[in-house]
Amino acid sequence: MSLATIDTAFPRTSTVSPISPVRRAESSAPAAAPSEPAPRIRAVPAGTEARGFVLYVGIDEAKAAADGTDLGQLVEALKRLTAELSPSAETYAAVALAPAGAGGRDVDVVRLALQDPSAIAKHRQALTVDEDEDRAASGVVVDISRKRLVLDNQTVALTYKEFELLQYLVLREGRTIERSELISSLWSDADGDEVPNERTIDVHVRRLRSKLARYEDIVRTVRGVGYRFDRHADVSIRYASAPSPDLF
């Protein structure tokens, strides 16, 4: 995506005519005894009360446009429908974002981004499986979800800034990033004395490359401009479930 989602594809609502009450035929026969009411299925555990619900709608901007609408229109339509059915209801809409090209079903990405408990549990289980895969695979794994770099089955000890630098380039794959952009983006909260100059950026990149060892050429120098991340066949990127703060 540049997934701007709200979650699961929501079918268009058709207008249904109200059903007229059916008049019962007069009968002299005695009325049957009322049957026992069906047991009420509780949606929440005993001792709690339902205060509302969440409807996840998974659809990206391109799919919405193909359907002749957009995310904003879907939100407003759902809010209007809620107000018509229950004027006392309060509504709140949140858009889920994910890195472009992250893949996966829209509804699953939205549930994870909006911290749905069952989606989080499933994601953690998948991460455990990924750890086993790390031991069996070679090459480079840039794991943005867990802020780590794995080379040939071994985790590489990167400093916080070294991983931030690598992540910044990875999330902008194929685009040349100027040194000035790296400074303004990665050191935006630093005090004046802590802000590096362009020469210092070169030092950071050189240290990062030394830790990439034989894979150092995934971070390329564009002479006179800056740096670029180029993915190779032996490079795997594991994206975070939620958007990176340096991207959105």
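Guide: Helix axes are lines fitted to C-alpha atoms over the stretch in contact, with angles taken from 0 to 180 degrees between N-to-C directions. In this predicted model, the axes of α6 and α7 come within 9 Å and cross at roughly 85°.

Visitor: Why is α6 called roughly perpendicular to α7?

Guide: The term covers angles of 65 to 115 degrees, and the crossing of α6 and α7 is put at roughly 85°, so α6 counts as roughly perpendicular to α7.

Visitor: Which residues meet where α6 and α7 come together?

Guide: Arg179, Ser180, Leu182 and Ile183 belong to α6, and they meet Glu198, Ile201 and Asp202 of α7. By class, these residues divide into 3 nonpolar, 1 polar and 3 charged.

Visitor: What makes the relation of α5 to α7 perpendicular or oblique?

Guide: The axes of α5 and α7, the latter spanning residues 198-212, come within 10 Å and cross at roughly 90°. Set against the range of 65 to 115 degrees, this angle makes α5 roughly perpendicular to α7. On the α5 side the meeting residues are Lys161, Glu162, Leu165 and Leu166, and on the α7 side they are His204, Val205, Arg207, Leu208 and Lys211. This contact has 4 nonpolar, 1 polar and 4 charged residues.

Visitor: Why, then, are α5 and α6 described as oblique to each other?

Guide: Helix α5 (residues 160-170) and helix α6 (residues 179-186) have axes that come within 11 Å and cross at roughly 120°. Perpendicular covers 65 to 115 degrees and antiparallel begins over 145, with oblique taking what remains; α5 and α6 are therefore oblique to each other. In handedness, α5 passes α6 in a right-handed crossing.

Visitor: Which residues of α5 and α6 make that contact?

Guide: From α5 come Lys161, Glu164, Leu165, Tyr168 and Leu169, and from α6 come Glu181, Leu182, Ser185 and Leu186. Sorted by class, the contact of α5 with α6 has 5 nonpolar, 1 polar and 3 charged residues.

Visitor: What makes β7 and β8 edge strands?

Guide: The strands in question form an open sheet of 3 strands in the order β7-β9-β8, with antiparallel pairing. Both β7 (177-178) and β8 (219-222) have a single partner strand, so one side of each is left without a neighbour in the sheet.

Visitor: What shows that β8 and β9 count as paired?

Guide: Pairing requires at least two bridges between two strands, and β8 and β9 (residues 226-229) have 4 bridges in the antiparallel sense, so the pair meets the criterion. Within this pairing, Val222 stands opposite Gly226 in β9. Helix α7 packs on the sheet, where it touches β8 and β9, and its direction makes about 145° with that of β8.

Visitor: Why is α3 said to be largely enclosed by the rest of the structure?

Guide: A residue is buried when its relative accessible area is under 20%. In α3, which covers residues 106-113, 6 of the 8 residues are buried, so the helix is largely enclosed by the rest of the structure. The buried residues are Asp106, Val107, Val109, Val110, Leu112 and Ala113. Just after this helix, Gln115 takes a positive phi of about 65°.

Visitor: What fraction of the protein chain is buried?

Guide: Buried residues make up 32% of the 248 residues in the chain, which has 7 helices and 10 strands. Of its contacts with a separation of 6 or more, 59% are between residues 24 or more positions apart.

Definitions and conventions
Residues numbered from 1 in each chain as written. Predicted model: local features only at pLDDT ≥ 70, side-chain atom pairs only at ≥ 80, totals over all residues. Heavy atoms only, no water. Buried < 20%, exposed > 50% of the residue type's maximum accessible area, 1.4 Å probe, protein only. Helix = DSSP H or I, 4+ residues; strand = E, 2+ residues; numbered from the N terminus. Parallel < 35°, antiparallel > 145°, perpendicular 65-115°, else oblique. Left-handed = near helix turned anticlockwise from the far one by under 90°. Contact = heavy atoms within 4.5 Å. Nonpolar A, V, L, I, M, F, W, Y, C, P; charged D, E, K, R; others polar.
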